[in-house]
Amino acid sequence: MLKNSKAFSSFAVNDIPKAKDFYEHTLGLTVKDNPMGIIEIEVSGSSNLMVYPKPNHTPATFTVLNFPVDNIDDAVDKLTNKGVVFEQYDDEQLKTDEKGISRGNGGPSIAWFKDPSGNILSVLEVS
């Protein structure tokens, strides 16, 4: 029934103007205002993401958006230079290096960071 539906994802933020600035200027994505008071983030090769305001927003404890990159070190360096702070994890199953990159933990090299509303995002290296 839904096989041919062009699905899209959405998530909440607590401040649309801050989110728009972060996604547009810090991450360099194309962001469009929507007349319903939401923003749409254009993602290459995918449907637009819908970001909507929620005053009592509580960020998820999981990654809501992943950005595949060719070179994770380059992506982390560029985002760090734009003020992005990468999460640091140091537990038995998940460790990150000084840059915040998890390497060799059974999956791709990945680094997590948060948007201004506390939503968890990542960059991960694809080969």
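Begin with the whole protein chain in view: it has two helices and eight strands, and the coordinates are those of a predicted model. Followed along the sequence, the elements come in the order β-α-β-β-β-β-α-β-β-β. The radius of gyration is 15 Å, close to the 14 Å that the globule rule gives for 127 residues, so the chain is as compact as a globular protein of that length. If you align the view to the principal axes, the C-alpha trace spans about 45 × 35 × 25 Å. Among contacts with a separation of 6 or more, 53% join residues that are 24 or more positions apart. Colour by accessibility next, and buried residues account for 38% of the 127, while the exposed surface comes to about 8,000 Å², of which carbon and sulfur atoms supply 50%.

**First stop: helix H1**

Select residues 16-26, which form H1, and show the side chains of its buried residues, Ile16, Ala19, Phe22, Tyr23 and Thr26. Looking down the axis, you will find them on the same side of H1, because they cover an arc of only 155 degrees around it. Move to the N-terminal end, where Asp15 acts as a cap, with a side-chain oxygen 2.9 Å from the backbone nitrogen of Lys18. Beyond the other end, pick Gly28, which follows H1 and has a positive phi, near 75 degrees.

Before leaving this helix, centre on Thr26, which lies in H1. Is Thr26 buried or exposed? Its relative accessible area is 15%, and Thr26 therefore counts as buried, the cut-off being under 20%. Apart from residues up to four places away in sequence, Thr26 touches Asp21, Leu79, Lys82 and Val84.

**Second stop: helix H2**

Now select residues 72-81, helix H2, and display its buried residues, Ile72, Ala75, Val76 and Leu79. These cover an arc of only 95 degrees around the axis, which places them on the same side of H2. Turn the helix over, and the face directed away from that buried side carries the exposed residues Lys78 and Asn81. What covers the buried residues of H2? The cover includes H1, S5, strand S6 (101-102), S7 and S8.

At the start of H2, zoom in on Asn71, whose side-chain oxygen reaches to within 3.0 Å of the backbone nitrogen of Asp73. After the helix comes Gly83, with a positive phi near 100 degrees.

**Third stop: the nonpolar core**

In soluble globular proteins, nonpolar side chains tend to be buried together. To inspect this here, select the largest nonpolar core, which has 27 residues, and highlight Tyr23, Leu27, Phe86, Phe113 and Val123, the members with the most contacts inside it. The elements that give two or more residues to this core are S1, H1, S3 (38-41), S4 (49-53), S5 (63-69), H2, S7 (110-114) and S8 (120-125).

Centre next on Phe113 and show its surroundings. Leaving aside neighbours within four places in sequence, its contacts include Phe22, Leu27, Leu79, Phe86 and Val123. Also among them are Val84, Val85, Glu87, Asn119, Ile120, Leu121 and Ser122.

**Fourth stop: His57**

Select His57, in the loop between S4 and S5. Although this residue sits in a loop, His57 is buried, with a relative accessible area of 13%. Which residues does His57 touch, not counting those up to four places away in sequence? They are Ala12, Val13, Asn14, Ser117 and Asn119. Draw two distances from its side chain: a polar atom there lies 3.3 Å from the backbone oxygen of Ser117, and a polar contact of 3.4 Å joins it to the side chain of Asn119.

**Last stops: Ser10 and Asp70**

Go to Ser10, in strand S1 (residues 10-13), which counts as partly exposed at 35% relative accessibility. Beyond its neighbours within four places in sequence, Ser10 is in contact with Met50 and Tyr52. Extend a C-alpha to C-alpha distance from Ser10 to Asn105, which is 95 residues away in sequence, and the viewer should give 28 Å.

Finish at Asp70, in the loop between S5 and H2, where a relative accessibility of 71% makes the residue exposed. With residues up to four places away in sequence set aside, Asp70 touches Glu125 and Val126. From Asp70 to Asn81, eleven residues apart in sequence, the C-alpha to C-alpha distance is 18 Å.

Methods. Residues are numbered from 1 along each chain as its sequence is written. This is a predicted model: local features need pLDDT of at least 70, side-chain atom pairs count only at pLDDT 80 or more; totals for chains, interfaces and linings use all residues. Side-chain values use heavy atoms; hydrogens and water are left out. Buried means under 20% relative accessible area, exposed over 50%, partly exposed in between (1.4 Å probe, protein chains only). Helices (H or I, at least four residues) and strands (E, at least two) are DSSP runs, numbered from the N terminus. The arc is that of the directions from the helix axis to the C-beta atoms. A polar contact is a pair of N or O atoms within 3.5 Å; within protein, one must be able to donate a hydrogen and the other to accept it, and residues adjacent in sequence count only if both atoms are side-chain atoms. The radius of gyration is taken over C-alpha atoms; the globule rule is 2.2 Å times the number of residues to the power 0.38. Contact means heavy atoms within 4.5 Å. Accessible areas come from the Shrake-Rupley method with a 1.4 Å probe; for residues, only the protein chains shown count as cover. A nonpolar core is a set of buried Ala, Val, Leu, Ile, Met, Phe, Trp, Tyr and Cys residues joined through side-chain atoms within 4.5 Å.
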